[in-house]
Amino acid sequence: MSLLELDDVNAYYGESHILRGVTMNVEEGEICALLGRNGAGKTTTLRSIAGATPPNVRSGTVSFKGEDVTGKPAEDVSAGGISLVPEERRVFPNLTVAENLHLAEVVNNKSNTWGRSLTFEHEGMSTEDVYAQFPRLDERRDQQAGTLSGGEQQMLAIARALKQNTDLLLLDEPYEGLAPKIIEDVEDAVQRISEDGTTILLVEQNAAAAIKLADRAYVVDQGQIVFDGTAEELREDEATRERYLGV
Amino acid sequence: MSDRNTTGESSTKSDGGTVIADNTLVARWEEIREREATVVGVTAICVAIFPWLFSRAPVISDVLLGYQSLATLILIWGIFAVGFDLLLGYTGLLSFGHAAFWGGAAYAAGIVANTVSADPIVMVVAGTAFAVLLAWVLGFLSLRRGGIYFSILTLAFAQMLYYMSAAPLAFLTGGENGLTGISVTPLFGVFHLESDLPSVAGTLIGNWMYLFVGVIAVLSVAAAYRILNSPYGMVFRAIRENEQRAEFVGLNVWRYKLMAFIISGAFAGIAGSLFTIHGSYVPLQSLYWTESGEIVIMTVLGGTASLFGPILGAGLYLYVENIVSGVQQLTIPFTDIVLINDFGTYWHLLLGLVFLVVIWVAPRGIWGAVSDLRALVRRLAGGDRR
């Protein structure tokens with residue numbers, strides 16, 4: 001059993017059919033990349049997993065740890081161990097860094113106290129561990145998150161997700177709009193998180209950067225999976241890369 | 001507080017994990033100010049000297065033309081506004097039907113006084129309990145929709161209550177005449193609310209009524225402060241900033257919104273009950289939509305997303321409504337040259353102008369302007385601090 005399985009998922013925005021039978025799975029402990037051009041259906045796939053509406057998943061199932069989570073509200077999916085780090089403005093700008101991180105604890109308390117029989121492979125990191133991982137955030141605890149640089153905000157969003165009881169981390173375009181030097185910092189962070197054992201689904205338009213980190217990759221085009229293989233295979237499959245990724 | 005970010009650089013963390021605060025006066029003051037005890041203490045002092053300043057102090061009160069009963073009324077609306085801001089300023093929900101909780105509690109307190117017990121504490125408890133239940137039901141229904149639809153739904157429900165008490169429930173509410181015949185019994189059976197306090201307290205605070213309202217007002221501010229600095233307050237602000245993101249984080253947004261609505265209804269209920277005790281009468285007007293509008297204006301005037309701004313807003317609004325409206329002739333100060341005759345009749349216009357100017361010059365309200373000014377002074381005093 002894979003940690004996350006999508007089986008023939010069809011998702012719609014209103015009447016437009018966006019995901020056309022997406023089937024994919026993410027194995028425990030790996031970094032899996034989901035690649036594709038702008039508008040190919042990457043973000044829609046992530047939103048379908050995270051329980052965001054729209055889109056509406058009309059058929060097919062999303063299962064997490066063997067449990068069907070299709071159509072569950074986003075908050076329940078999140079409390080159940082899937083953390084989404086959405087693209088762009090990823091933090092609460094008028095809350096301080098410390099408060100942004102503290103939100104994760106509120107959610108953890110909820111999943112711990114509401115008598116849900118949830119078990120997490122990876123309990124959320126402690127505040128001290130998070131600050132140790134991200135010293136930049138430590139320095140800026142009391143600063144409003146909106147005043148951080150783009151890279152720092154991305155770090156904060158990832159840190160928040162890690163503080164939550166997270167078994168699967170969904171990263172939506174984490175490199176978008178960041179300078180190359182900062183991208184390296186984010187890559188390091190992702191690598192470290194993965195080494196700590198958290199499973200990661202990485203959605204990127206920047207295929208080259210994503211392949212560097214990923215164990216396996218899917219390529220999506222017009223709402224369908226057109227490639228499924230190891231990162232190594234994708235690196236060698238020039239035809240696919242040229243046709244669907246433009247690199 | 002909104003200016004907490006300014007302290008970002010004031011403390012650094014060493015490897016040993018101990019916080020080394022730099023020892024400037026400004027940094028220390030920041031720390032003290034943040035502490036709850038200080039906030040509550042300062043509030044208590046302000047509340048205690050306000051009636052003296054407003055209605056009895058030499059020169060100041062002569063210029064202000066204030067009177068004791070208005071000071072009490074300002075505090076009552078202040079409590080209402082603090083609660084309203086929890087919803088509007090901190091959670092980002094514009095309710096246009098808070099008259100339902102204000103007026104509902106006022107009626108509940110009045111009816112309890114006429115039928116069960118006219119003890120002021122019983123009246124406050126009964127009125128607040130009614131407002132909380134009502135907020136639960138109306139919040140449950142109205143929060144199904146967001147944005148403008150939410151505002152319209154709250155308005156519609158409040159107006160339903162208004163028409164209900166105007167005619168169908170007139171046997172309970174007194175209909176158009178309002179609820180009359182309320183005679184509030186002494187506090188703890190001993191202290192007549194209308195009688196003055198002994199010695200210095202009498203000069204400073206005035207009567208038992210003000211003391212009663214004042215104590216509840218300080219407790220309300222303390223409660224609001226505690227809520228705002230708890231995880232609940234943090235979640236409220238997160239929801240205001242981005243509802244969907246809060247959902248992704250794993251928060252049950254709907255439940256928190258309902259909670260904010262109920263808490264703010266409870267504050268409105270406390271205030272509404274006190275309004276009945278203060279006036280010994282409940283006008284039908286107290287359920288009308290204009291009351292909902294007034295609380296919005298007071299809150300925005302004073303400054304949303306601040307603890308004390310709404311109280312200032314309530315004070316300014318009531319001051320213009322009750323004092324300025326009574327001014328016959330506007331003269332140039334210290335002379336007899338008349339600028340405008342029948343000045344008081346234009347008080348609505350004046351209030352509109354004040355509102356316009358505040359929104360134009362200081363979009364974050366009076367309190368926002370005060371904060372900006374304070375930040376400026378601190379920057380000048382503190383050198384390199386941002």
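What share of the contacts in chain A with a separation of 6 or more is accounted for by residues 24 or more positions apart? Such residues account for 71% of these contacts in chain A, a contact being defined by heavy atoms within 4.5 Å. The model is predicted, with local features requiring pLDDT of at least 70 and side-chain atom pairs counted only at pLDDT 80 or more, whereas totals for chains, interfaces and linings use all residues. Residues are numbered from 1 along each chain as its sequence is written, chains are lettered from A and ligands numbered from 1 in the order in which they are written, and side-chain values use heavy atoms, with hydrogens and water left out.

The secondary structure of chain A comprises 10 helices and 10 strands, where helices (H or I, at least four residues) and strands (E, at least two) are DSSP runs numbered from the N terminus. For 247 residues, a compact globule would be expected to have a radius of gyration near 18 Å, and the value of 17 Å for chain A agrees with this; the radius is taken over C-alpha atoms, and the globule rule is 2.2 Å times the number of residues to the power 0.38. Along the principal axes, the C-alpha atoms of chain A fill a box of roughly 50 × 45 × 30 Å. Of the 247 residues in chain A, 55% are buried; buried denotes under 20% relative accessible area, exposed over 50%, and partly exposed the range in between (1.4 Å probe, protein chains only). The surface exposed by chain A is about 10,100 Å², with carbon and sulfur atoms supplying 43%; areas were obtained by the Shrake-Rupley method with a 1.4 Å probe, and for residues only the protein chains shown count as cover. Chain A carries 23 positive and 43 negative side chains, and the centres of these two sets are 5 Å apart. In this count Lys and Arg are positive and Asp and Glu negative, with His and the chain ends not counted; each charge is placed at NZ of Lys, CZ of Arg, CG of Asp or CD of Glu.

Chain B contains 17 helices and 4 strands. An automatic or database domain assignment divides chain B into domain 1 (1-33), domain 2 (48-299) and domain 3 (323-386). The C-alpha centres of domain 2 and domain 3 of chain B are separated by 26 Å. Buried residues make up 50% of the 386 residues of chain B. Of the contacts in chain B between residues at least 6 apart in sequence, 70% join residues at least 24 apart. The accessible surface of chain B is about 17,900 Å², and 69% of this area belongs to carbon and sulfur atoms.

Individual residues of chain A were examined next. A:Ile193 is placed in helix α7 (residues 180-195) and counts as buried because its relative accessibility is 2%. Beyond residues up to four places away in sequence, A:Ile193 touches A:Ile158, A:Leu162, A:Leu169, A:Thr198 and A:Ile200. A:Gln205 is 12 residues from A:Ile193 in sequence, with a C-alpha to C-alpha distance of 21 Å. A:Ser63, in strand β4 (residues 56-64), has a relative accessible area of 15% and is therefore buried. With neighbours within four places in sequence set aside, the contacts of A:Ser63 are A:Leu3, A:Leu4, A:Glu5, A:Asp68 and A:Val69.

Two further residues of chain A have contacts in chain B. A:Ser78 belongs to helix α2 (residues 74-79) and is buried, at 1% relative accessibility. Outside the residues up to four places away in sequence, A:Ser78 touches A:Gln164 together with B:Glu247, B:Phe248, B:Val249 and B:Gly250. A:Asn94 lies in the loop between β6 (82-85) and α3 (97-113) of chain A and is partly exposed, with a relative accessible area of 40%. On the same basis of excluding residues up to four places away in sequence, A:Asn94 touches A:Gln144, B:Arg237, B:Arg240 and B:Glu241.

Backbone geometry was also considered. Most residues other than glycine have a negative phi. B:Leu65, which is not a glycine, has a positive phi of about 65° and is located in the loop between α3 (60-64) and α4 (68-90) of chain B. B:Ser199 likewise has a positive phi, near 40°, and lies in helix α9 (residues 199-204) of chain B. With a relative accessibility of 62%, B:Ser199 counts as exposed.
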